[in-house]
Amino acid sequence: MEVTPNHTQTVTGWAAMDESGKVEPFIFKRRENGVDDVTIKVQYCGMCHTDLHFIQNDWGITMYPVVPGHEITGVVTKVGSNVSGFKVGDRVGVGCISASCLDCEHCHRSEENYCDKVTLTYNGIFWDGTVTYGGYSNMLVANKRFVVRIPDNLPLDAAAPLLCAGITVYSPMKQHGMLQSGGNLGVIGLGGLGHVAVKFGKAFGLRVTVISTSPAKEREARERLKADDFIVSTNQKQMQAMARSLDYIIDTVSAKHSLGPILELLKVNGKLVLVAAPDQPVELPSFPLIFGKRTVSGSMTGGLKETKEMLDLCGEHNITCDIELVSTDRINEALARLARNDVRYRFVINIGGNSKL
Ligand code: NAP
Ligand code: ZN
């Protein structure tokens with residue numbers, strides 16, 4: 001293990017050591033709490049499909065050992081002398097970003113997610129040159145800028161996935177004007193990101209259609225998530241019946257797929273935002289694009305200002321995620337189920353949720 005002078009704190013976590021798709025207990029070091037840092041006792045961490053992509057090295061960029069986890073909630077145990085916004089005992093969260101340059105046009109606008117020096121919460125390189133380790137661990141040291149407060153009325157377990165799944169769909173929804181009531185929103189892929197997009201859509205008065213490969217999700221989608229419509233993407237009749245009916249689509253499908261049939265669901269001038277990151281390029285045939293003057297764009301998580309705004313809105317509307325809580329000895333079981341699309345709708349690891357501070 002690389003030794004860095006101020007990396008003196010011993011932490012227990014779970015890391016993938018290779019591409020096998022599994023994690024194992026892993027002891028490592030974190031830095032001392034610096035003047036601008038907040039130390040967090042991690043209580044819960046959501047399991048994003050991105051974790052699985054990194055664990056399996058789907059994108060070819062994993063630096064093993066990788067300690068995944070970027071949907072982190074917990075309680076502050078220490079604050080640095082320059083930190084005024086947090087105190088010991090505060091309920092806080094950390095999402096996908098742990099550092100950025102702080103001085104480019106994007107950082108100035110609190111779009112840290114688009115800074116070209118953005119450091120991810122895990123598998124990133126921090127300011128001091130060390131590799132970042134994420135929230136599948138019992139303690140985190142985070143720079144104050146990248147720490148957010150969790151509204152008092154939201155439980156720390158069901159709120160954890162808001163730190164990635166929530167902000168990742170909220171940011172493009174806001175950017176593309178989807179939060180005005182009355183529009184028709186399509187959500188493709190009813191997983192962690194997708195189910196939060198449905199909840200946001202309903203909270204903001206949209207008509208929401210789920211487009212899924214899993215007929216078994218229909219009842220819950222309509223009854224629990226209050227989706228207005230549910231269609232199965234392999235059912236030609238259902239797809240044709242919905243042609244040219246949607247203003248917007250958020251695409252959260254984690255596997256390779258074609259945007260062609262999905263684009264046909266958009267009205268003329270409709271917009272599709274791709275937030276999913278499959279390991280193979282998506283197919284983008286030109287005809288559905290040009291015949292409908294449609295737009296395809298992408299979006300990568302969200303900045304800190306928007307993350308705070310999203311959390312406040314979730315507090316106001318009482319929006320949390322539908323989760324399956326798993327203990328730390330069952331992370332591999334949950335990863336295997338996530339890989340076979342068997343989760344309703346986010347696994348959250350109970351890391352220290354029951355323990356006293
Ligand atoms: P997830 O919970 O696994 O959900 C993905 C959904 O995609 C599944 O529930 C399933 O929905 C659908 N799906 C899965 N395999 C499929 C297949 N072979 N064919 C068709 N549909 C399939 O994943 P997630 O955590 O929501 O993440 C989704 C994607 O977004 C991942 O690629 C992740 O890396 C990416 N992501 C991007 C950002 C960003 O900043 N842009 C942030 C977080 C995550 P149905 O059963 O309804 O078909
Ligand atoms: Zn994520």
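## Close-ups of ligand 1 and its surroundings

**View 1. The annotated domain.** In an unreviewed entry, UniProt lists residues 16-349 under "domain: Enoyl reductase (ER)". What you have here is a predicted model. In it, residues 16-349 are 25% helix and 25% strand, and the C-alpha atoms at the two ends of this span sit 16 Å apart.

**View 2. Where ligand 1 goes.** Look in the largest pocket and you'll find ligand 1. Two elements each give two or more residues to the shell around ligand 1: α1 (49-55) and α5 (192-203). Of these, α1 provides the largest share, with 3 residues.

**View 3. Who lines up around ligand 1.** Count the neighbours of ligand 1 and you get 29 residues. The closest ones are H49, S212, T213, S214 and R346. Sorted by class, the shell breaks down into 15 polar, 12 nonpolar and 2 charged residues.

**View 4. Polar contacts with ligand 1.** Zoom in on three side chains here: S212, T213 and K217. S212 puts a polar side-chain atom 2.6 Å from an oxygen atom of ligand 1. For T213, the distance from a polar side-chain atom to a ligand 1 oxygen is also 2.6 Å. K217 joins in as well, with a polar side-chain atom 2.7 Å from an oxygen atom of ligand 1. As for cover, ligand 1 on its own has 920 Å² of accessible area, and the protein covers 87% of that.

Methods:
Residues are numbered from 1 along each chain as its sequence is written. Chains are lettered from A and ligands numbered from 1 in the order in which they are written. This is a predicted model: local features need pLDDT of at least 70, side-chain atom pairs count only at pLDDT 80 or more; totals for chains, interfaces and linings use all residues. Side-chain values use heavy atoms; hydrogens and water are left out. UniProt positions are given in the numbering used here, feature names are shortened, and annotations may be inferred rather than shown by experiment. Helices (H or I, at least four residues) and strands (E, at least two) are DSSP runs, numbered from the N terminus. A residue is near a molecule or strand if one of its heavy atoms lies within 4 Å of it. A polar contact is a pair of N or O atoms within 3.5 Å; within protein, one must be able to donate a hydrogen and the other to accept it, and residues adjacent in sequence count only if both atoms are side-chain atoms. Accessible areas come from the Shrake-Rupley method with a 1.4 Å probe; for residues, only the protein chains shown count as cover. On a 1 Å grid over the protein atoms alone, a cavity is a set of points where a 1.4 Å probe fits but cannot get out, and a pocket is an open set with protein on both sides within 12 Å along at least five of seven lines; lining residues have an atom within 4 Å of a point. A molecule sits in a cavity or pocket if more than half of its atoms lie within 2 Å of its grid points. Ala, Val, Leu, Ile, Met, Phe, Trp, Tyr, Cys and Pro count as nonpolar, Asp, Glu, Lys and Arg as charged, and the others, Gly among them, as polar.
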